[in-house]
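Subject: Structure handover

Hello,

Here is the structure I promised to pass on. Please open it beside this email.

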Amino acid sequence: IMLLSSWATCVFAQTNVQNSFDADEAKFDEQLKALLSVQSSYLEKRQTNELRQVHKQISDLIEQRKYPRAIHALQQAKNEKERFYALDAAAKESLNIGKKDEAKAYADELADLMDKYKNDWNYGNAIQDVNIVLGRLALAEGKIDEAKADLLKAGKSQGSPQMNSFGPNMSLAKELLEKGEKNAVLEYFDLCRKFWSFHSDKLNEWSQDVKAGKIPNFGANLEY
């Protein structure tokens with residue numbers, strides 16, 4: 001009876017979590033739909049300032065859903081392999097909203113798991129994401145040499161379908177550049193050429209910016 005009661009409590013809790021997530025997703029869909037409608041209206045009227053404001057609102061709204069979606073995906077993992085797939089985003093999104101201890105725990109768990117999946121398509125992502133997260137955490141604690149070492153470990157990833165197409169994550173590189181650490185970042189760019197070979201022009205452009213004392217506009221590569 002006690003086992004049955006515990007099982008029922010667990011199922012009830014999981015159902016509540018799922019219902020809460022679904023409600024938040026429905027609310028997000030409604031808000032996004034409304035903002036896209038407003039955006040369309042501003043486009044037709046060519047109201048540039050208003051368009052910028054609503055575009056930022058849309059971006060902020062999407063950004064707010066990244067962490068809960070990443071954690072929900074992790075909670076829904078039914079086995080170790082599915083958890084391996086979900087830990088990348090959970091670690092990155094936890095760090096992005098300032099949950100450092102949570103990010104460290106997820107990154108450490110992913111580091112412990114990833115050698116079991118060396119032949120998996122996600123292995124290259126795991127190498128990158130573990131080291132980017134750990135490097136950013138080290139940098140936040142003032143451990144610059146450790147952060148630089150982690151950046152270069154991330155660059156030694158074999159790549160992945162996502163990395164080969166969209167490129168590497170540049171969040172740690174940007175933070176190191178803000179500390180004046182050019183050489184490690186330039187070395188990272190060179191390491192990334194082996195898997196991002198079709199976009200060497202972008203790496204060349206970023207390298208030129210760094211050598212000129214500028215921080216490149218990494219765009220979406222701060223998120224990948």
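Below is what was found in it, topic by topic.

First, a caution. This is a predicted model.

**Two packed helices**

Start with H9 and H10. Their axes are 10 Å apart and meet at an angle of about 170°. That makes H9 roughly antiparallel to H10, because the angle is over 145 degrees. On the H9 side, the contact is made by Lys 182, Leu 186, Phe 189 and Cys 192. On the H10 side, the contact is made by Leu 203, Trp 206, Ser 207, Val 210 and Lys 211.

Two of these residues also pair through their rings. Phe 189 and Trp 206 form a tilted aromatic pair. Their ring centres are 6.0 Å apart, with 45° between the planes. Phe 189 lies in helix H9 (residues 182-192) and Trp 206 lies in helix H10 (residues 200-211). The pair therefore ties together parts that are 17 residues apart in sequence. Both Phe 189 and Trp 206 are buried.

**Aromatic pairs**

How many aromatic pairs are there? The count comes to eight.

One of the pairs is Tyr 85 with Trp 121. Their ring centres are 5.1 Å apart and their planes are at 25°. That is under 30 degrees, so the pair counts as stacked. Tyr 85 and Trp 121 link distant parts of the chain, 36 residues apart. Tyr 85 is in helix H3 (residues 80-96). Trp 121 is in the loop between helix H4 (100-114) and helix H5 (123-140).

Buried or exposed, where do these two fall? Neither label applies. Tyr 85 has a relative accessible area of 30%, so it is partly exposed. Trp 121 is partly exposed too, with a relative accessible area of 43%.

Tyr 85 and Trp 121 also belong to a cluster. Ring pairs link them with Phe 84 and Tyr 117.

**Salt bridges**

Some background helps here. Side chains of opposite charge can pair when their charged atoms come close. A search of the whole structure finds 18 salt bridges. Three are picked out below.

- Lys 56 and Asp 60 meet in a salt bridge of 2.7 Å, N to O. Both lie in helix H2, four residues apart, which is about one turn of the helix. Lys 56 is exposed, because its relative accessible area is 51%. Asp 60 is partly exposed, at 32% relative accessibility.
- Lys 66 and Glu 223 meet in a salt bridge of 3.1 Å, N to O. This pair links distant parts of the chain, 157 residues apart. Lys 66 is in helix H2, and Glu 223 is in the segment after H10. Lys 66 counts as partly exposed, at 26% relative accessibility. Glu 223 counts as partly exposed as well, at 35%.
- Lys 174 forms a salt bridge with Glu 178. Their closest N and O atoms are 2.6 Å apart. Lys 174 is partly exposed, at 26% relative accessibility. Glu 178 is also partly exposed, with a relative accessible area of 48%.

Salt bridges also form a network. Glu 25, Arg 65 and Arg 69 are joined into one by bridges that share partners.

**Around Glu 25 and Arg 69**

That network deserves its own look. Glu 25 is in helix H1. Is Glu 25 buried or exposed? Its relative accessibility is 17%, so Glu 25 counts as buried. Leaving out residues up to four places away in sequence, Glu 25 touches Arg 65 and Arg 69.

Arg 69 has another partner. Its charged end sits over the ring of Phe 28. The distance to the ring centre is 4.6 Å.

**A loop residue**

Last comes Arg 46. Where does it lie? Arg 46 is in the loop between helix H1 (2-45) and helix H2 (48-75). Its phi is near 55°, a positive value in a residue other than glycine. Arg 46 is exposed, because its relative accessible area is 74%.

**Where to look**

For a quick tour, take three stops. View the H9 and H10 packing, with its angle of about 170°. Then find the cluster of Phe 84, Tyr 85, Tyr 117 and Trp 121. Finish at the network of Glu 25, Arg 65 and Arg 69.

Best wishes

Conventions: Residues are numbered from 1 along each chain as its sequence is written. This is a predicted model: local features need pLDDT of at least 70, side-chain atom pairs count only at pLDDT 80 or more; totals for chains, interfaces and linings use all residues. Side-chain values use heavy atoms; hydrogens and water are left out. Buried means under 20% relative accessible area, exposed over 50%, partly exposed in between (1.4 Å probe, protein chains only). Rings of Phe, Tyr and Trp (its six-membered ring) pair if their centres lie within 6.5 Å; planes under 30 degrees apart count as stacked, over 60 as edge-to-face and the rest as tilted. A charge sits over a ring if NZ of Lys or CZ of Arg is within 6 Å of the ring centre and within 35 degrees of the ring normal. A salt bridge is a side-chain nitrogen of Lys or Arg within 4 Å of a carboxyl oxygen of Asp or Glu. Axes are lines fitted to C-alpha atoms, for helices over the stretch in contact, and angles run from 0 to 180 degrees between N-to-C directions. Angles under 35 degrees count as roughly parallel, over 145 as roughly antiparallel, 65 to 115 as roughly perpendicular and the rest as oblique. Contact means heavy atoms within 4.5 Å.
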